[in-house]
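Ready for a few hands-on exercises? Have a look at the sequence and the model, then try each task before reading its solution.

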Amino acid sequence: MRRIVTFLTIVVLMLNITGCKKREVTEYNYIYTGQNGLWSAEYQVDATATFITYKERTSYESEQQSTLTVTYLGELDDLAKVRHFEIYYERGVGGGGSKTVDYRDDDNISSKTFNIQSSSINGMIPQKDSNIEVSITLDDEVQNFELIVKE
């Protein structure tokens, strides 16, 4: 009899502990696109946000992976004389990234496509209606354009 009471007590405690926890998971998959006369870009965001409610307290967890792909629309030969190349992007909710490469005289840009990948845990996830600002620097020339979510 004592074993049955102990067993039932453990079962009730386990149900009480696990029964009070509520998880609400939301997935976000956005693709932002944009271009100017010389460049096109795509920013892809794959994220998961989880709200966990336990004993009337709510906590937040998130995971995010993103990739910015920038493509030069002109001819690759046009980039042969570039010595300083920089891509910078900024998200409306904070955060962003950059890539900088300095080339020597015997080293040239060898691709028209450039990627910046990032991931974060418990960071801010961009909202669907936010814009991504992209800035591309070729030596002393700076070009800016904006990416908006692709419907």
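Here are six exercises on this predicted model, each with a worked solution.

**Exercise 1. Work out how many helices and strands the chain has, and in what order the elements run.**

Start by counting: there is 1 helix and there are 8 strands. Next, walk along from the N terminus, and you'll read α-β-β-β-β-β-β-β-β. Now add some overall figures. The chain has 151 residues, and 30% of them count as buried. Its accessible surface comes to about 10,200 Å², with 49% of that belonging to carbon and sulfur atoms. Finally, take the contacts between residues at least 6 apart in sequence: 63% of those join residues at least 24 apart.

**Exercise 2. Find the order of the strands in the sheet, and say which strands stand at the edges.**

Go across the sheet strand by strand. The order is E5-E4-E7-E8-E1-E2-E3-E6, in an open sheet with antiparallel pairing. Then look at the two ends of that list. Strand E5 (96–102) and E6 each have a single partner strand, so one side of each is left without a neighbour in the sheet. As for the twist, it averages 15° from one strand to the next.

Now zoom in on one pairing. E4 and E7 run antiparallel and are joined by 7 bridges. In one of the bridged residue pairs, Glu86 has Thr137 of E7 as its partner. Thr137 is buried, with a relative accessible area of 13%. Setting aside residues up to four places away in sequence, Thr137 touches His84, Phe85, Glu86 and Val142.

**Exercise 3. Describe the largest nonpolar core: how many residues does it have, and which strands supply them?**

First, the count: this core has 28 residues. Those with the most contacts inside it are Trp39, Leu68, Phe85 and Leu147. Second, the sources: E1 (21–35), E2 (39–54), E3 (57–72), E4 (84–91), E6 (113–121), E7 (132–138) and E8 (141–149) each supply at least two residues. The largest share, 6 residues, comes from E2. A bit of background helps here: in soluble globular proteins, nonpolar side chains tend to be buried together.

Third, pick one core residue and list what is around it. Leaving out neighbours within four places in sequence, Trp39 is in contact with Gly34, Val70, Thr71, Tyr72, Leu73, Phe85, Phe114, Ile136, Leu138, Gln143 and Phe145.

**Exercise 4. Classify two aromatic pairs, Tyr30 with Tyr32 and Phe85 with Phe114, by the angle between their planes.**

The structure holds 9 aromatic pairs, so you have plenty to choose from once you know that planes over 60 degrees apart count as edge-to-face. Tyr30 and Tyr32 have 80° between their planes and sit 6.2 Å centre to centre, which makes the pair edge-to-face. Tyr30 is buried at 13% relative accessible area, and Tyr32 is buried at 0%.

On to the second pair. The ring centres of Phe85 and Phe114 are 4.4 Å apart and the planes are at 35°, so this pair is tilted. Phe85 lies in strand E4 and Phe114 in strand E6, so the pair ties together parts 29 residues apart in sequence. Both of these residues are buried.

One last look at the rings: Tyr28, Tyr30, Tyr32, Tyr43 and Tyr89 form one aromatic cluster.

**Exercise 5. Check Lys55 and Glu56: what is the phi of each, and is each one buried or exposed?**

Begin with the backbone. Most residues other than glycine have a negative phi. Lys55, not a glycine, has a positive phi of about 50°, and Glu56, also not a glycine, has a positive phi of about 65°. Then place them: Lys55 is in the loop between E2 and E3, and so is Glu56. Last, test exposure, where the cut-off is over 50% relative accessible area. Lys55 is exposed at 59%, and Glu56 is exposed at 82%.

**Exercise 6. Locate Gly74, decide whether it is buried or exposed, and find what it touches.**

Gly74 is in the loop between E3 and E4. The cut-off for buried is under 20%, and Gly74 counts as buried at 16% relative accessibility. Not counting residues up to four places away in sequence, Gly74 touches Leu38 and Lys112. Gly74 and Leu38 are 36 residues apart along the chain, and their C-alpha atoms are separated by 6.2 Å.

Methods
Residues are numbered from 1 along each chain as its sequence is written. This is a predicted model: local features need pLDDT of at least 70, side-chain atom pairs count only at pLDDT 80 or more; totals for chains, interfaces and linings use all residues. Side-chain values use heavy atoms; hydrogens and water are left out. A nonpolar core is a set of buried Ala, Val, Leu, Ile, Met, Phe, Trp, Tyr and Cys residues joined through side-chain atoms within 4.5 Å. Buried means under 20% relative accessible area, exposed over 50%, partly exposed in between (1.4 Å probe, protein chains only). Helices (H or I, at least four residues) and strands (E, at least two) are DSSP runs, numbered from the N terminus. Contact means heavy atoms within 4.5 Å. Accessible areas come from the Shrake-Rupley method with a 1.4 Å probe; for residues, only the protein chains shown count as cover. Rings of Phe, Tyr and Trp (its six-membered ring) pair if their centres lie within 6.5 Å; planes under 30 degrees apart count as stacked, over 60 as edge-to-face and the rest as tilted. Two strands pair if DSSP finds at least two bridges between them. Axes are lines fitted to C-alpha atoms, for helices over the stretch in contact, and angles run from 0 to 180 degrees between N-to-C directions.
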